[in-house]
Amino acid sequence: MKVTEKDVAYVADLANLELSAEERAGMLRDLNSILEYVDRLSELDTSNIPPMAQVSDRYGLDESKQGSERFAYANREDILEGLRKSLPHEEALANAPDADEQFFQVPKVIER
Amino acid sequence: MDLTALTIDAARSAVQERKTTALALAEAHYARIQKEDGQIGAFLTLSKERALEQADRMDRMAAEGKTLPPLGGVPVGIKDVMSTRGLRTTAGSKILEKYIPPYDCTAVARLEAAGAVVLGKMNCDEFAMGSSNENSAYGPVRNPRDLSRVPGGSSGGSAAAVAADMAVVTLGSDTGGSIRQPASFCGVVGLMPTYGRVSRYGLIAFASSLDHIGPLAKTVKDAATVLRTIAGRDPMDSTSADVAVPDYVAELDKPVRGMKIGVAKEYLGEGLDDEVRQAVESAIEKMKGLGCEIVPVSLPHTPYAIPTYYIIATAEASANLARFDGVRYGHRARGVKTLSEMYRRSRDEGFGAEVKRRIMLGTYALSAGYYDAYYLKAQKVRTLLTRDFDEAFHKVDAIVTPTSPTAPFRLGEKSNDPLAMYLADIYTVTADLAGIPGISVPCGQTKEKLPIGVQILGKHFDESTILGLAHAYEQAA
């Protein structure tokens, strides 16, 4: 599959990257070179192979259960009292490029 | 006593027995950093206040005759992808140039609870993306064994610091080989534990199903000591395994006679440097001499590991790096008029070229119309690669391979060809994909005196076997 300039523009949009014309040209070249190499995966017959999203399912998953109960290893009981403290407000805002005492501040979200 | 030529035990005992102080140890390391790091570039941030406070705590304990914790007074370095509360953490990127985390990475907290003295944060490839530490926004790291060459990556700073005696031990991270390969290139020990053995809480995520934290050290015993301290279930990381932590140090001296060692032909084929091949074959002979039985095995899907890795890792990275948007932390572009412009320009200005390349590749692989052909396909091949190891481990206890196909290359040699750089990971990515543990130990050098490493891979949660074999080999070599 060949990547086109239109693809690069579309993907940059999805990834929220403002690429310069030079960056887009480089990206076109690099993506095509890498994807050409990656295409060899199609040599393998994987029609009956289950996908492996993560390793931890191997040693935690309870195959005998259904639905979310299979992932019990990753869960804990709901804590009603004595929950770990949240990050204090000022600490949470400390790295903000722009904030008042309450909120992170950003340029307007809704265009009129 | 040369205060910068010590292992963990030697350093800790010296402080406990009051032959020196933790303060003197820290100061000796800082003096060495001052002298050597200008040329090497291993450290990004020094944490003198934090270090001296901890050293003082340890010295007071020793003065009161109390038993020091297992890493009491030991100077350590932390790769800059691990968050340290109150101490700048950059992930090697300009986008986090001024970021000061409000919390500690669990692995760091456990080290400090064990008495370790954090000297500073180690330089690395940006967001752990790279195999040479040439992708750091703060300048490359140079190999202490030959300053014209790379230390490997992405934990280049962590490896170089240990190799140059600027820290006793460091923490690195490994997603495609980033602990083992720089360990090999710098002539030190690098351990990547089983996925889930060590909590990832506080590790700035690159690829969540592939990331691991592990130690880089001067000896296998030191690596085992650190693992014993940082391993174990963490409620803050739901992928951290609820598996008991053995005493890895006590188990080191278990005899290796009779251990079955697999040698895979796919790892000794084309593309492997002759000098590396010779060194690794010698290492295997030495293991045979220790009473191990060499068994040929096959890992037939190995040629598909790199493409599988670069789809899965970049796809996961594109999701993980979406949080860097200029809103709550990190770089925000100036003069922007809309939210959308803020996201796009902040990210474009803050991220380096390799990071952008991987985000683009990952986004493409996940996008509508391509998800099945790329991401889903790669996940299925990941199953096949993991099954190769499962099969092999029915016959053998460990698998021995080269760590890298070449000795350390020169700065600039591969940086123009991303694909050539990616192919350097050929022997390390498989372990990350399967989630199995791997360790690299020095096994010789080239004619030009460049370090070569041998890798030992093991079964899930069987770090004891690979540590034991590595230790036996290290003692015999």
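## Exercises on a predicted two-chain model

B:Val76 touches B:Leu111, B:Ala116, B:Val117, B:Val118, B:Leu119, B:Ala167, B:Val168, B:Val169 and B:Thr170, leaving aside residues up to four places away in sequence. The exercises below start from this residue, and they concern a predicted model.

**Exercise 1.** Find out which residues touch the most other members of the largest nonpolar core, and which helix gives the most to this core.

*Solution.* Begin with the core itself, which holds 165 residues, and in which B:Val76, B:Val117, B:Val169 and B:Val189 touch the most other members. Next, look for the helix that gives the most to this core, which is helix H9 of chain B (residues 305-320), with 9 residues. Then return to the contacts of B:Val76, which include B:Val117 and B:Val169. As background, nonpolar side chains tend to be buried together in soluble globular proteins.

**Exercise 2.** Decide whether B:Pro75 is buried or exposed, and explain why.

*Solution.* First place the residue: B:Pro75 is found in strand S2 of chain B, which covers residues 75-79. Then take the count of neighbours, bearing in mind that a residue is called buried if 20 or more other C-beta atoms lie within 10 Å of its own. B:Pro75 is buried because 32 other C-beta atoms are within 10 Å. Its contacts, not counting residues up to four places away in sequence, are B:Leu25, B:Ala26, B:His29, B:Val117, B:Leu119, B:Ala167 and B:Val168. By way of a longer distance, B:Ala207 is 132 residues apart from B:Pro75 along the chain, and the C-alpha atoms of the two are separated by 29 Å.

**Exercise 3.** Work out how strand S3 of chain B (117-122) is paired, and what lies across it.

*Solution.* Start with S2(B), which pairs with S3(B) in the parallel sense over 5 bridges; here B:Ile78 has B:Lys121 as its bridge partner in S3(B). Now take S1(B), whose pairing with S3(B) is antiparallel and runs over 3 bridges, with B:Thr45 standing opposite B:Lys121. Add helix H2 of chain B (residues 22-40), which lies across S1, S2 and S3 of that chain and runs at about 20° to S3(B). Finally, 6 of the 6 residues of S3(B) are buried, so this strand is largely enclosed by the rest of the structure.

**Exercise 4.** Give the strand order of the sheet in chain B, and explain why some strands have a side without a neighbour in the sheet.

*Solution.* The sheet is open, has 11 strands with mixed pairing, and follows the order S1-S3-S2-S4-S6-S5-S10-S11-S9-S7-S8 in chain B. Strand S1 (43-46) and strand S8 (293-297) of chain B stand at the edges and each has a single partner strand, so one side of each is left without a neighbour in the sheet. From one strand to the next, the twist averages 30°. Further along the order, S9(B) (residues 398-402) and S11(B) (residues 451-458) run antiparallel and are joined by 5 bridges, with B:Ala398 opposite B:Gly458.

**Exercise 5.** Describe the side of chain A that touches chain B, and check the confidence of chain A.

*Solution.* To begin, 43 residues of chain A are in contact with 54 residues of chain B. Helices H1 (5-14), H2 (21-38) and H3 (56-60) of chain A each supply at least two residues of this side, and the largest share, 7 residues, comes from H2(A). By class, the side has 30 nonpolar, 6 polar and 7 charged residues. As for confidence, chain A averages a pLDDT of 88, and 97% of its residues score at least 70. Among the elements of chain A, H1(A) has the highest mean pLDDT (96) and H3(A) the lowest (72).

How values were computed: Residues numbered from 1 in each chain as written. Chains lettered and ligands numbered in written order. Predicted model: local features only at pLDDT ≥ 70, side-chain atom pairs only at ≥ 80, totals over all residues. Contact = placed C-beta atoms within 7 Å. Helix = DSSP H or I, 4+ residues; strand = E, 2+ residues; numbered from the N terminus. Nonpolar A, V, L, I, M, F, W, Y, C, P; charged D, E, K, R; others polar. pLDDT = per-residue confidence, 0-100. Buried ≥ 20, exposed ≤ 12 C-beta atoms within 10 Å, placed from the backbone. Pairing = 2+ DSSP bridges. Axes fitted to C-alpha atoms, helices over the stretch in contact; angles between N-to-C directions. Core = buried A, V, L, I, M, F, W, Y, C linked by C-beta atoms within 7 Å.
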